[in-house]
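Dear colleague,

Please find the structure below, together with its sequence. I suggest keeping it open while you read the notes that follow.

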Amino acid sequence: MQLSHRTWFPFILVGLTLALMLGVYAFIVQQNTPITRQVLTQEEYHQEVFLLVENYSLGSESAQSVYNSLLALHIPESEKDVHLELVLLFGKVLAGEIDSADNGITELRSTHDWLLEPNE
């Protein structure tokens, strides 16, 4: 006995519905999975920021790339104030206030000696 197309329709409909529900469930589970980033240690942070600022000073990196790199760092709690100042200074460079930003970087280097030489 051969079944007509109408007999298979409910089974196909149930199968497609289950596949859709599984797809939505997988998407929701993926969205709720937190992305964990490792916080840099103070030494790692100092080395990373020193290289960024030094490369900018030497002209091998643009202000935009340094700004983006600073925003991407997951910083230690103890360095939040310095980091905020650096981000704001490079924001000034991007806004065209280069002299003000250069003076700010020089001032930061005088108060934070790790910006002069990397900690080894």
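Which residues form a nonpolar patch on the surface? In this model, which is a predicted one, the patch is made by Trp8, Phe11, Ile12 and Leu16, and together these residues have about 490 Å² of accessible area. Trp8 has its place in helix α1, which covers residues 5–32, and it counts as partly exposed because its relative accessibility is 49%.

Helix α4 may be a good place to continue. Its 16 residues should span 22 Å at 1.5 Å a residue, and the C-alpha atoms at its ends are indeed 22 Å apart, so the expected and the computed values agree. The buried residues in α4 are Val82, His83, Leu86, Val87, Leu89, Phe90 and Val93. They cover an arc of only 160° around the axis, which means that they lie on the same side of α4. On the other side of this helix, Asp81, Leu88 and Ala95 are exposed. As for the partners of the buried residues of α4, they pack against α2, α3 and α5, the last of these being residues 98–111. After α4 comes Gly96, which has a positive phi, near 100°.

Helix α3, residues 63–72, can be read in a similar way, for its buried residues are Ala63, Val66 and Leu70. Because the arc they cover around the axis is only 65°, they are on the same side of α3. What covers them includes α2 (42–58) and α4 (80–95).

Next come the charged side chains. Side chains of opposite charge can pair when their charged atoms come close. How many salt bridges does the structure hold? There are two. In one of them, the side chains of Arg109 and Glu54 meet at 3.2 Å, N to O. This pair links distant parts of the chain, since Arg109 belongs to helix α5 and Glu54 to helix α2, 55 residues apart. Arg109 counts as buried because its relative accessibility is 18%, whereas Glu54, with a relative accessible area of 24%, is partly exposed. A salt bridge also joins the side chains of Lys80 and Glu77, at 3.3 Å, N to O. Here Lys80 is partly exposed at 41% relative accessibility, and Glu77 is exposed at 62%.

One last distance concerns Gln47, a residue of helix α2 that is partly exposed, with a relative accessible area of 33%. Its C-alpha atom is separated by 58 Å from that of Val14, and the two residues are 33 residues apart along the chain.

With best wishes

Terms used:
Residues are numbered from 1 along each chain as its sequence is written. This is a predicted model: local features need pLDDT of at least 70, side-chain atom pairs count only at pLDDT 80 or more; totals for chains, interfaces and linings use all residues. Side-chain values use heavy atoms; hydrogens and water are left out. Patches are made of residues with over 30% relative accessible area and no salt bridge: like charges are joined within 9 Å, nonpolar side chains (Val, Leu, Ile, Met, Phe, Trp, Tyr) within 5 Å. Accessible areas come from the Shrake-Rupley method with a 1.4 Å probe; for residues, only the protein chains shown count as cover. A salt bridge is a side-chain nitrogen of Lys or Arg within 4 Å of a carboxyl oxygen of Asp or Glu. Helices (H or I, at least four residues) and strands (E, at least two) are DSSP runs, numbered from the N terminus. Buried means under 20% relative accessible area, exposed over 50%, partly exposed in between (1.4 Å probe, protein chains only). The arc is that of the directions from the helix axis to the C-beta atoms. Contact means heavy atoms within 4.5 Å. The expected span of a helix is 1.5 Å times one less than its number of residues.
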